[in-house]
Amino acid sequence: ITTNPEVLVELGREQLQKLDHELEMVLSTVNAKNKKLKEDFIREQKWLAEQERLIECLSQTAEGMTNHVVHFSEKRAFQELKTKMLKIKAYKEDILNALGDFLDEHFPIPENSGTAKKKRAEEEDVQLISLHEILENLINKLVNTPHDPYITISDSFWSPYIELLLRYGIALRHPEDPNKIRLENFHQ
C-alpha cells in the first residue's frame, strides 16, 4: 500500500461511494418492504373490521333468535300430524265418494233386461257387480297386498266394464294368467 496521501484519499473516496451506493440500495429495498407491509397492514385492518361487523351481526341475530325461540313440543307435533292425517282421510273420503257418485251415475249395474249375454248371466243366477265395486276391489287389493295386486275376474264382473278398464289403461292383465287384472300404477 502506498503512503501517498492523494492515492489514499482517492481510495477512501471510492470506498465511500461504493458504500453509499450499497446503502442506497438497502434503503430502497427497506422502503419497498415498508410500503408492502403498510399495504398488508391496511388490508388486514379492513379484514378485521369486516370480521368484527360480521361477529356483531351474528351476535344480534343469535340474540334475536333466542328471544323468538319456539319451544318444540312432541305432544304438539303429534297433535299437528294427527290433525293433518284426519284432514287427509277426510279428503280421501270425499274423493272416493265423488268417484262413487260419478260411477253410479255414468256406469250403473247392468240391468237384467237386455242382451242375450245378460239373460244368460241371469239364468245362471250370477249377481253382476258395478264398475264402482270393481274399482274398489282393485284399489283395496293394490293397497292391502302391493306385492300381489291382481284380482281374479269372476262371472260377477260384467265383461264390458273389464274391457273398458283394460282398453283405457286403468287396469292391466296378468302377463301369465288372462283371468287376472290389476290396477295400473299411476303414481310411478
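**Exercise 1. Is Phe-107 buried, partly exposed or exposed, going by its relative accessibility?**

Solution. Start with the ground rules. This is a predicted model: local features need pLDDT of at least 70, side-chain atom pairs count only at pLDDT 80 or more, and totals for chains, interfaces and linings use all residues. Residues are numbered from 1 along each chain as its sequence is written, and side-chain values use heavy atoms, leaving out hydrogens and water.

Step 1. Fix the classes: buried is under 20% relative accessible area, exposed is over 50%, and partly exposed lies in between (1.4 Å probe, protein chains only).
Step 2. Place the residue. Phe-107 has 24% relative accessibility, so Phe-107 counts as partly exposed.
Step 3. Try Tyr-161. Its value is 7%, so Tyr-161 counts as buried.
Step 4. Turn to the whole protein. Of its 188 residues, 15% count as buried.

**Exercise 2. Describe the aromatic pairs around Tyr-161.**

Solution. Step 1. Set the test. Rings of Phe, Tyr and Trp (its six-membered ring) pair if their centres lie within 6.5 Å; planes under 30 degrees apart are stacked, over 60 edge-to-face, and the rest tilted.
Step 2. Search the whole structure: 3 aromatic pairs turn up.
Step 3. Take Phe-107 and Tyr-161. Their ring centres are 6.1 Å apart and their planes stand at 80 degrees, so this pair is edge-to-face.
Step 4. Locate both partners. Phe-107 is in the loop between H2 and H3, and Tyr-161 is in helix H5, so the pair ties together parts 54 residues apart in sequence.
Step 5. Take Trp-158 and Tyr-161. Here the centres are 4.9 Å apart and the planes at 90 degrees, so this pair is edge-to-face.
Step 6. Join the rings. Ring pairs link Phe-102, Phe-107, Trp-158 and Tyr-161 into a cluster.

**Exercise 3. Which residues does Ser-130 contact, leaving aside its neighbours within four places in sequence?**

Solution. Step 1. Locate Ser-130: it sits in the loop between helix H3 (116-123) and H4.
Step 2. Define contact: heavy atoms within 4.5 Å.
Step 3. Read off the partners. With those neighbours left aside, Ser-130 touches Ile-109 and Tyr-161.
Step 4. Check the accessibility. Ser-130 has a relative accessible area of 5%, so Ser-130 is buried.

**Exercise 4. Work out the order of the elements and the layout of the sheet.**

Solution. Step 1. Define the elements. Helices (H or I, at least four residues) and strands (E, at least two) are DSSP runs, numbered from the N terminus.
Step 2. Count them: 5 helices and 3 strands.
Step 3. List them from the N terminus: α-α-α-α-β-α-β-β.
Step 4. Order the strands. Two strands pair if DSSP finds at least two bridges between them. The 3 strands form an open antiparallel sheet, S1-S3-S2.
Step 5. Find the edges: S1 (151-152) and S2 (171-173) each pair on one side only.
Step 6. Look at one pairing. S1 and S3 (residues 180-183) pair over 2 bridges, and Thr-152 stands opposite Lys-180 in S3.

**Exercise 5. Describe how H4 packs.**

Solution. Step 1. Define the geometry. Axes are lines fitted to C-alpha atoms, for helices over the stretch in contact; angles run from 0 to 180 degrees between N-to-C directions.
Step 2. Set H4 on the sheet. Helix H4 (residues 131-144) lies across S1, S2 and S3, at about 75 degrees to S3.
Step 3. Add H2. Helix H2 (residues 74-106) and H4 pack at about 145 degrees, with axes 8 Å apart.
Step 4. Name the residues. Gly-100, Leu-103 and Asp-104 in H2 meet Leu-131, His-132 and Leu-135 in H4.
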